[in-house]
Structures are given as structure tokens and as C-alpha cells.
Amino acid sequence: MGWILVTSAAVILFLQNYPLYIRSVPTENELKFHYMVHTSLDVVDEKISAMGKALVDQRELYLGLLYPTEDYKVYGYVTNSKVKFVMVVDSSNTALRDNEIRSMFRKLHNSYTDVMCNPFYTPGDRIQSRAFDGMVTSMMIQVC
Amino acid sequence: MEMLEDPETGKKQRKGRRCLSRAANIDKAGPPPSLPSSGAHHKSPEKEGGASPKHQWKREWAGSRLGAGGGACPAGPMRTRGGGRLLGREGRRMADAALFEFLHTEMVAELWAQDPDPGPGGQKMSLSVLEGMGFRVGQALGERLPRETLAFREELDVLKFLCKDVWAAVFQKQMDSLRTNHQGTYVLQDHSFPLLIRMASGLQYLEEAPKFLAFTCGLLRGTLSTLGIKSLVTASVAALPACKFQVVIQRS
């Protein structure tokens with residue numbers, strides 16, 4: 001449902017295929033990221049339905065590398081409430097390993113859970129929590 | 001705590017272990033405060049839907065009780081350290097349960113006390129306010145509780161999750177049975193619902209019972225909604241403290 005995109009450049013959070021939260025650093029290429037992310041949503045859906053048919057009990061929330069383009073790599077993550085997180089990372093950033101991406105997604109998920117529990121937040125709205133912003137900023141600073 | 005030296009062996013020992021029986025006060029919590037009588041007729045407990053002979057009711061799962069239920073006092077003395085913990089983990093869990101029960105009772109009492117309109121319209125408002133509160137809480141709960149893995153392949157999994165994990169987290173016990181007709185209707189049965197157990201054990205206060213179930217209905221509906229299922233949840237009581245929650249999935 002919701003989607004979050006985080007890139008070395010941007011973070012977008014999606015709910016039901018409309019964005020709940022978008023953040024990118026630097027801010028100029030946002031439109032390009034939107035486009036990339038919309039295409040990656042299809043890949044996310046594909047992966048979820050593929051997992052659904054698998055007989056394995058342990059289906060992970062972390063979806064892994066969705067697809068690599070020449071400049072960027074796109075990672076996905078989905079929660080039990082069907083909120084999709086999408087992260088777009090610069091390809092030149094080779095230092096980022098899989099478990100670092102996983103831990104970033106986990107932090108995002110925890111912060112999103114906190115946002116959900118906030119009584120001033122109505123589920124389905126765009127996320128305006130400063131705490132969430134701060135967490136995302138600190139994460140992106142680490143990456144860039 | 002002073003350290004005494006054992007004169008014979010020279011070993012030091014702590015002096016004076018204080019023993020506290022855990023949950024001593026919580027166990028003795030009396031019945032909830034009496035509610036202001038509204039004087040109007042409450043709706044009679046809702047009719048059980050889906051009991052028509054056409055549908056095959058299948059018993060999907062009969063859960064077993066988790067833990068000791070309210071009121072068991074674990075054996076063994078408790079040690080206190082200086083100004084430290086007075087209750088162990090067990091005691092803290094029971095304290096949480098008691099806090100929620102009291103808060104819930106006050107919520108219901110407060111909503112009813114303020115309602116000057118004795119007619120059925122006014123009560124419906126209060127019931128829907130309670131249900132709305134439960135809904136929002138359920139939404140947050142649905143986000144926080146599910147585990148690290150994508151556990152829900154189908155509706156039945158979600159309902160089982162409700163019966164086991166959500167019920168255990170909120171009421172420290174599991175739902176007693178889950179039935180379904182495989183056509184979108186589920187009946188969750190609880191033989192001793194914690195919010196009703198301290199009220200009566202039989203038919204007394206039967207008319208007052210529905211308002212104590214409204215919040216929980218909302219809770220179930222909210223959790224289902226976060227997990228992607230639109231539903232309608234109603235509750236019915238035949239004899240306290242057993243109650244049934246009926247979940248009807250709304251397919252658009």
C-alpha cells in the first residue's frame with residue numbers, strides 16, 4: 001500500500017500506490033526518482049506475489065535489490081500492512097553492503113511504526129512528523 | 001542491604017531479604033465502580049448472525065490458555081534491592097492488565113455519564129465513539145505487533161494472528177475458539193473475557209455488557225484494517241463473562 005522511497009538521493013514511502021513520504025538529497029532530480037520508483041513498484045508487486053506462491057514459511061520483509069540501472073540501484077522492503085519502502089542508491093556508492101541496507105530499512109520501519117502510533121497522525125495522510133524527517137536525514141547523511 | 005560477615009567461614013551474606021507476594025494488591029481489586037443507571041433500555045444482545053443451518057460451521061481452531069490468567073500468584077518470595085524493583089516481570093504484566101481494565105472501565109463510565117439523552121440515539125453515539133477509539137488503537141496495534149516475517153498468506157492467517165497474538169498482547173490470554181463458515185464470516189469466542197470477568201458470572205448485568213465490548217470491537221476492526229481487511233465487527237453476550245465477536249469481511 002504505502003510506499004517509502006529512500007535514495008542516496010531520495011526517500012519515498014508508498015501507501016496503496018500513492019506516496020506517503022518523499023525525500024531526496026539532492027533535491028534537483030526528484031522527478032527522475034519519482035519515475036524510477038513508479039516502475040519499481042511493479043517489481044515490488046511481482047516479488048510479493050512470487051513470494052506468496054513459495055512454500056517457504058519464512059518470507060522476509062526485505063525484498064532486496066529490485067533492479068539495477070546504470071546509475072542507480074533500487075532496493076525494496078514491504079511491511080505486513082502492505083506499506084512499501086523503496087530506496088534508490090547511487091551506483092557509485094559501492095561501499096554499501098546488503099546488511100547495511102537491511103538495517104536502514106529496519107530503522108525506517110521502526111520509525112514508521114512510531115509515526116502510526118502517534119495520535120496526531122491519521123493513517124493515510126502524508127507523513128509530516130519532524131522526528132521521522134530527522135531520522136531520515138541522519139540516515140541519508142550517513143550514506144552520502 | 002547490609003553485608004554481614006559470617007563469623008565462621010568469613011563469607012558475606014545479605015541481610016534481611018524481604019518477601020512480597022506478587023500481585024497481592026492487584027488480585028484483590030474489587031468489582032468496577034457501579035455505573036450510573038441510564039434508565040433506558042439497552043439494545044438486547046445482538047442476534048448471532050450466520051447461524052443458519054445452510055452454512056457449514058467449521059471449528060477452525062480452539063486455542064489454549066496462555067499463562068496463568070488473571071489472579072494467579074507465582075510461588076516464591078520476592079527480593080527487593082534498595083529502592084529497586086518491587087514487582088518482577090510477572091507483576092509488571094499483571095499491573096499493565098489491571099491498568100488497562102481500570103482505564104477502560106472509566107472510559108465507559110465517563111462516556112455514559114455525560115450523555116443526557118436517554119433515548120436510543122444518544123447511546124448509539126457513545127457506542128460508536130468507543131468503537132472509534134478502539135479502531136484507532138487497533139490500527140496502531142496492527143502496525144506494531146506483527147513479526148519480522150510476512151506471515152499472512154490468507155485471511156484465516158490474519159484471524160489466527162488476531163486470536164493468538166493480539167489477544168495475548170492485550171488481554172494476556174488467547175481466544176478460546178475461532179469458527180468460520182469459509183464465506184467471510186468468523187466467530188471468535190472467549191469464555192472468560194477479561195473486561196467482563198470482574199462484573200458478574202451469569203445473567204446479572206447482561207444489559208450493561210454491550211458497552212464494555214464496543215472498544216474491543218473497534219480494536220479488532222482497526223487491526224484488521226491495517227492488515228488490509230475491511231470488516232464489520234459486532235459482539236454478543238449470552239452469559240457473562242463469555243462473549244462472542246462476529247467478524248464479517250466486507251468485500252467491495
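# Notebook: chains A and B

I began with the turn in chain B where S4(B) and S5(B) form a hairpin with four residues between them, and I noted that B:His182 in that turn has a positive phi of about 60°. I keep in mind throughout that the model is predicted. Looking at how the hairpin is held as a pair, I found that strand S4 (residues 177-180) of chain B runs antiparallel to S5(B), with four bridges joining the two. Within this pairing I looked up the partner of B:Arg179 and found it opposite B:Val187, which belongs to S5(B).

Next I stepped back to chain B as a whole, for which I counted five helices and seven strands, arranged along the sequence in the pattern β-β-α-β-α-α-α-β-β-α-β-β. I recorded that 40% of its 252 residues are buried, and that its accessible surface comes to about 14400 Å², with carbon and sulfur atoms accounting for 53% of that area. I also took the contacts in chain B between residues at least 6 apart in sequence, and of these 66% join residues at least 24 apart.

I then turned to the nonpolar cores. The largest one has 44 residues, and among those with the most contacts inside it I listed B:Tyr186, B:Leu188, B:Phe193 and B:Phe245. The elements of chain B that give two or more residues to this core include strand S5 (185-190), helix H2 (89-113), helix H3 (120-144) and strand S7 (242-249), while H4(B) gives the most, with 10 residues. A second core, separate from this one, has 40 residues and draws on both chains, since I find A:Tyr62, A:Val86 and A:Met87 in it together with B:Leu150.

Moving to chain A, I looked up A:Ser81, which lies in the loop between strand S5 (72-78) and strand S6 (84-90) of that chain. Is A:Ser81 buried or exposed? Its relative accessible area is 4%, and because the cut-off for buried is under 20%, I entered A:Ser81 as buried. I also noted that its side chain makes a polar contact of 2.8 Å with the side chain of B:Glu143.

My last entry concerns A:Asp114, which I placed in helix H2 (residues 98-117) of chain A. With a relative accessible area of 44%, A:Asp114 is partly exposed, because that value falls between the limits of 20% and 50%. Finally, I checked A:Asp114 against A:Thr137, which is 23 residues away along the chain, and found their C-alpha atoms separated by 17 Å.

Note on methods
Residues are numbered from 1 along each chain as its sequence is written. Chains are lettered from A and ligands numbered from 1 in the order in which they are written. This is a predicted model: local features need pLDDT of at least 70, side-chain atom pairs count only at pLDDT 80 or more; totals for chains, interfaces and linings use all residues. Side-chain values use heavy atoms; hydrogens and water are left out. Buried means under 20% relative accessible area, exposed over 50%, partly exposed in between (1.4 Å probe, protein chains only). A polar contact is a pair of N or O atoms within 3.5 Å; within protein, one must be able to donate a hydrogen and the other to accept it, and residues adjacent in sequence count only if both atoms are side-chain atoms. A nonpolar core is a set of buried Ala, Val, Leu, Ile, Met, Phe, Trp, Tyr and Cys residues joined through side-chain atoms within 4.5 Å. Two strands pair if DSSP finds at least two bridges between them. Contact means heavy atoms within 4.5 Å. Accessible areas come from the Shrake-Rupley method with a 1.4 Å probe; for residues, only the protein chains shown count as cover.
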